[in-house]
Each structure stands twice: as structure tokens, then as C-alpha cells.
Amino acid sequence: MKNNILIIGGGPAGLEASSILVKMGYNVILVEKEKELGGHLAKWDTLFPDGLKAEDLLKSLIKKTEGVKCFTDTQVQSVNILDKSYNVILSNGITVLADALLLATGFDLFKAEKKEEYGYGIYEGVITNADLEQFFKGKFSIKKPKAVGFVHCVGSRDEKACNPACSKVCCATAVKQACHIKETFEEADVFCFYMDLRMFGRHYEDLYLKAQKMGIRFIRGRVSEVAETSEGRLLVKAEDTLSSKPIKVTLDTLVLMAGMRPSESGYMVGHQLNLSVEEDGFFSTKDTMLSLQKSNLEGLFFAGAATGPKTLPDTLHEARSAAMEIDNYLTKK
Amino acid sequence: MVEFGFKLSPSSRINLDLRDKASFSKLVEIEPDALKCMACGSCTASCSAGIFEETSLRSALLGLQNGDKEKALKLLSHCMFCGKCTMVCPRGINTRHLILSINKIYQVR
Ligand SMILES: Cc1cc2nc3c(=O)[nH]c(=O)nc-3n(C[C@H](O)[C@H](O)[C@H](O)COP(=O)(O)OP(=O)(O)OC[C@H]3O[C@@H](n4cnc5c(N)ncnc54)[C@H](O)[C@@H]3O)c2cc1C
Ligand code: SF4
Ligand code: SF4
Ligand code: SF4
């Protein structure tokens with residue numbers, strides 16, 4: 001008899017794991033709470049580091065899931081641990097007896113309005129990284145700007161925002177978006193306010209160099225406050241720590257690089273299973289080196305941003321590893 | 001007798017709205033590598049003139065972009081064009097030539 005595997009979360013991690021497991025011959029059920037599959041990937045326009053279209057990546061991920069039973073617009077209502085399986089009741093009335101469970105519940109974007117001093121939701125020109133992706137997709141409008149700023153580390157590396165950790169993807173996202181803005185509005189001045197520039201991946205440094213050559217100005221210092229000028233523009237203050245001097249500049253658009261926080265609905269599922277989370281709020285893995293896809297529960301696995309900020313390649317790797325771990329587990333069982 | 005009064009001191013804040021964008025653009029036209037500096041400080045660290053007089057290409061490039069031309073040019077005024085900084089720049093900038101171009105664009109005699 002084919003084993004049942006339930007995957008919670010239809011983002012990049014859930015999609016990739018489900019397509020691999022279905023090819024291995026398992027009976028795979030994928031549950032996604034939103035109306036559409038794709039998770040955050042569905043909200044992005046072009047991807048760092050090479051400018052791949054998010055839409056194309058998503059299409060190919062979905063195409064591979066043939067044979068997977070996908071339930072969208074569906075929540076997990078309750079989960080019970082049985083002897084060697086999980087009894088899961090879904091909001092569409094279906095009950096699944098799963099031999100293995102994969103949590104691919106991803107992340108939530110930090111709520112930028114919590115950093116009140118940046119004025120998100122107060123000043124029209126202040127938007128988030130996610131809003132800007134929507135703009136590039138043609139689903140959000142901004143006025144043609146003369147000057148644009150990017151604020152790194154919004155809701156990350158910030159104990160006041162209850163998140164001392166780095167969100168890993170937002171430096172590369174900022175540089176990607178800054179280039180995209182410069183390509184869209186050639187005349188605009190573009191500034192990135194950063195504390196450290198974490199361009200760690202393959203091709204990322206090239207992206208940084210590209211941005212520099214396009215004339216994007218990198219200012220080392222955290223934006224401390226934003227105010228509105230009498231003309232309705234934005235007055236932005238920071239310290240240029242390389243000059244050891246306070247700096248101010250008037251901008252039209254300020255993009256806040258909101259970080260990655262644990263998914264609230266993922267947490268709700270974990271809570272029912274008594275899964276532990278680390279101080280950063282993301283799920284704890286069985287260890288931190290050898291068993292990153294395993295939880296402390298037999299038969300329960302993780303993939304993707306559910307266990308902390310990750311890039312798409314990281315996420316997809318984890319999904320493949322999780323599929324392998326699940327296969328190992330079910331074969332031995 | 002004690003005198004009271006207020007003294008107006010100039011702001012030490014950098015105001016990017018007032019920076020000289022045109023001159024820096026002109027510099028970039030003839031010396032596109034001026035944009036590639038990543039502020040590592042290698043040029044300043046190995047500068048032969050810097051041991052005697054404050055000299056820093058890193059800081060000068062920053063000054064030019066922040067609208068502090070005077071300070072920037074002062075930081076290069078003791079350069080002897082020895083080219084040591086060119087050898088250490090990790091971004092492969094021809095720093096010696098860049099300094100010559102800065103002097104040309106900003107009309108240093
Ligand atoms: C602004 C921004 C730009 C980015 N750009 C890039 C880029 O250019 N390149 C790159 O490599 N990476 C980028 N990333 C990172 C990328 O978005 C993540 O790596 C990726 O989305 C993680 O995938 P995931 O499947 O783990 O999580 P998610 O994408 O968050 O997907 C999780 C899914 O699970 C669903 N879910 C959660 N809980 C439940 C539940 N209880 N029941 C049912 N469904 C549930 C959610 O609705 C969601 O669809 C970016 C991130 C940000 C914030
Ligand atoms: S990736 Fe960059 S912007 Fe994001 S939290 Fe880390 S240092 Fe800050
Ligand atoms: S060329 Fe000028 S700035 Fe460079 S090391 Fe020599 S003296 Fe210093
Ligand atoms: S050595 Fe090159 S990259 Fe480093 S600060 Fe000097 S000019 Fe900039």
C-alpha cells in the first residue's frame with residue numbers, strides 16, 4: 001500500500017518536495033491556505049541574483065507537481081499524533097491519515113508599520129520590499145520618483161523589533177530592487193542605507209558591483225528617522241558612519257527591506273503538536289548540522305523558511321533533502 | 001565684563017540635497033571606476049604620503065560624493081603619485097590615474 005504524506009504549505013519548499021515524493025511513488029497531499037499555490041514566490045517579480053522571472057520559476061515548480069493532490073484555500077484544522085502516524089483534519093472536511101508530515105509553512109514578512117519611525121502606513125512614499133515587487137509586477141503604483149532610498153534590516157538585527165537575527169535575503173533583494181528601480185527610472189538617484197552588506201552567494205558580489213557601476217550610492221548607516229517635508233517629500237536622516245557625520249537627504253520613495261519572521265499559521269500547526277521553536281521564533285530542528293530536515297517528532301519533517309530565513313536555492317535544496325529523509329524514514333518503517 | 005551672545009556655527013551634517021552632482025558625474029564620465037570603490041581602506045592603509053600627512057583616497061571619494069569638496073581635495077593634496085595604492089586596491093581601480101582625474105575635474109593645480 002502506498003504511504004500517505006501530507007505537506008503543509010504550498011510555497012516553493014512544499015511544491016518541490018511534493019513533486020519529488022510523488023515521483024517516488026508516494027501518495028502526496030499538499031495543503032495551502034491561500035487561493036493560489038506559490039507562497040511568497042507568487043508575489044515576487046524578478047529574482048536575485050540573475051534576474052530570473054519569478055513567474056517562470058513558479059510555473060515550472062507547479063508543472064512538476066502532476067499527481068499531487070493539492071488542496072488550496074484549505075487550512076489545517078487539527079493534528080493528532082497517533083502511534084505511527086498523524087491524523088489531520090482539514091478545513092474542507094477531509095481527514096488524512098498521514099504516515100509522514102512535512103511542514104513547509106515558510107515565513108511572514110515583518111510588519112513594517114511596527115517601526116513607526118520609518119512612517120510606513122503614514123507617509124505615502126514609504127513602501128516595503130513586497131510592495132515594490134508588486135509595483136514591478138504592475139499591481140501597485142508609485143509616483144515617478146527623483147530620488148529613492150532603500151533601508152536595509154527593517155525588523156531584523158533589531159532587538160527593539162524583537163528580532164536580533166539577520167534575515168539573510170534582504171541585502172541581495174535591496175541591491176536587486178535598486179538596480180531594477182534605476183533601470184525603470186534612469187534619472188533617479190538611488191541610495192541604499194546598510195549596516196553590513198551581506199552579499200554572500202554565488203553571483204551576489206557581481207550584483208553589488210553592477211549596482212555600483214549603475215551609480216547606486218551605498219551609505220553605511222541605519223536610517224534613524226523619516227519625516228515629511230512641506231512639499232510632501234521624505235526627509236531621511238542617518239549617520240554616514242564612514243564619514244562619522246550625520247547625513248540627510250530628501251527622497252520621494254523609501255523602500256523598507258522588511259525581514260522574515262516565522263509564519264503565524266505555521267506556528268498554529270506546530271503549537272498543536274507541541275513543536276519547540278528557537279528564540280528567533282522559527283521551528284527548532286533535531287540538530288543544527290546533520291538533521292536539519294528532522295524535528296524532534298518521528299515522522300515530522302521541515303523544509304524551507306519554516307526553520308529560518310532562506311534564499312530560494314536554499315529552500316529548494318532543503319525540499320529535496322526533506323524528500324530523501326522522508327523516503328528513508330518510510331522505507332525503514 | 002562677561003559678554004553674552006550666540007554664536008552661529010555651521011552644521012556638521014552632510015546634506016546630500018546640496019551635493020555637487022554635476023562634477024562627480026563628469027569625473028565618472030572619464031573615470032567610471034570611481035564608482036567601484038567599496039570603502040575597504042587599503043589605499044589609505046598603504047599610502048606612502050599618509051604616514052606624514054593625512055591622505056586617503058577612500059575618504060576623498062566619499063567627500064566628493066557627499067559635497068565636501070574642500071576636505072576631499074585636502075586629503076589628496078599630499079599625494080606623490082607613487083602608485084602604491086593602485087597595487088593594493090581589491091576592486092582593481094587605477095587609483096593613481098583616478099587621483100589625477102580628480103585633480104583635473106576639480107581643477108587642482
Ligand atoms: C522581499 C523578498 C524578496 C525575495 N526575493 C528573492 C529572490 O530574488 N531570490 C531568492 O532566492 N529568494 C528570494 N526571497 C526568499 C524567498 O521568498 C524564500 O526563500 C521562499 O519564499 C521560501 O519558500 P517557503 O516555501 O519556505 O516559504 P513561503 O514562500 O513563505 O511559502 C509558505 C507557504 O505555506 C503556506 N502556509 C503557511 N502556513 C500554512 C498552514 N498552516 N496551512 C496551509 N498553508 C500554510 C503559506 O500560505 C505559503 O504559501 C525573497 C524574500 C523576500 C522577503
Ligand atoms: S540580509 Fe542584509 S538587510 Fe537583511 S537583515 Fe541581513 S544585513 Fe540586514
Ligand atoms: S599614489 Fe598617492 S594616494 Fe596612492 S599611495 Fe601613492 S601617495 Fe598615496
Ligand atoms: S583600495 Fe580601492 S576599493 Fe579600497 S578604499 Fe581604496 S579605492 Fe576604494
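Helices and strands here are DSSP runs, with at least four residues for a helix and at least two for a strand, numbered from the N terminus. I will use those labels throughout. One caution before the details: this is a predicted model.

I start with ligand 1. Which elements of chain A each supply at least two residues of the shell around ligand 1? They are α1 (12-23), β10 (107-109), α4 (170-184), α6 (264-272) and α7 (312-332). The shell also draws on two domains of chain A: domain 1 (4-106 + 263-332) and domain 2 (109-260) each give at least three residues.

In total, 36 residues surround ligand 1, and the closest are E32(A), H40(A), F48(A), K310(A) and L312(A). By type, the shell divides into 15 nonpolar, 16 polar and five charged residues.

Three of those closest residues come with distances to an oxygen atom of ligand 1. For H40(A), an N or O atom of the side chain is 2.7 Å away from such an oxygen. For K310(A), the atom concerned is a backbone N or O, also at 2.7 Å. For L312(A), a polar backbone atom lies 2.8 Å from an oxygen of the ligand. How much of the accessible area of ligand 1 does the protein cover? On its own ligand 1 has 1,000 Å², and the protein covers 98% of that.

Next, ligand 2. The residues around ligand 2 are H152(A), C153(A), S156(A), R157(A), C166(A), S167(A), K168(A), C170(A), C171(A), D196(A) and R198(A). Two elements of chain A, β12 and α4, give two or more residues each to this shell. Sorted by type, the shell around ligand 2 holds four nonpolar, three polar and four charged residues.

Strand β12 deserves a closer look. Is β12(A), residues 147-154, largely enclosed or open? Eight of its eight residues are buried, so the strand is largely enclosed by the rest of the structure. Buried, for this purpose, means under 20% relative accessible area. β12(A) pairs with strand β13 (residues 189-194) of chain A in the parallel sense, over five bridges. As one example, V148(A) has V190(A) in β13(A) as its bridge partner.

Last, chain B. Chain B contains six helices and one strand. Going along the sequence, the strand comes ahead of the helices, in the pattern β-α-α-α-α-α-α. The C-alpha trace of chain B spans about 60 × 30 × 30 Å along its principal axes. Of its 109 residues, 42% count as buried.

Methods
Residues are numbered from 1 along each chain as its sequence is written. Chains are lettered from A and ligands numbered from 1 in the order in which they are written. This is a predicted model: local features need pLDDT of at least 70, side-chain atom pairs count only at pLDDT 80 or more; totals for chains, interfaces and linings use all residues. Side-chain values use heavy atoms; hydrogens and water are left out. A residue is near a molecule or strand if one of its heavy atoms lies within 4 Å of it. A polar contact is a pair of N or O atoms within 3.5 Å; within protein, one must be able to donate a hydrogen and the other to accept it, and residues adjacent in sequence count only if both atoms are side-chain atoms. Accessible areas come from the Shrake-Rupley method with a 1.4 Å probe; for residues, only the protein chains shown count as cover. Ala, Val, Leu, Ile, Met, Phe, Trp, Tyr, Cys and Pro count as nonpolar, Asp, Glu, Lys and Arg as charged, and the others, Gly among them, as polar. Domain bounds come from an automatic or database domain assignment. Buried means under 20% relative accessible area, exposed over 50%, partly exposed in between (1.4 Å probe, protein chains only). Two strands pair if DSSP finds at least two bridges between them.
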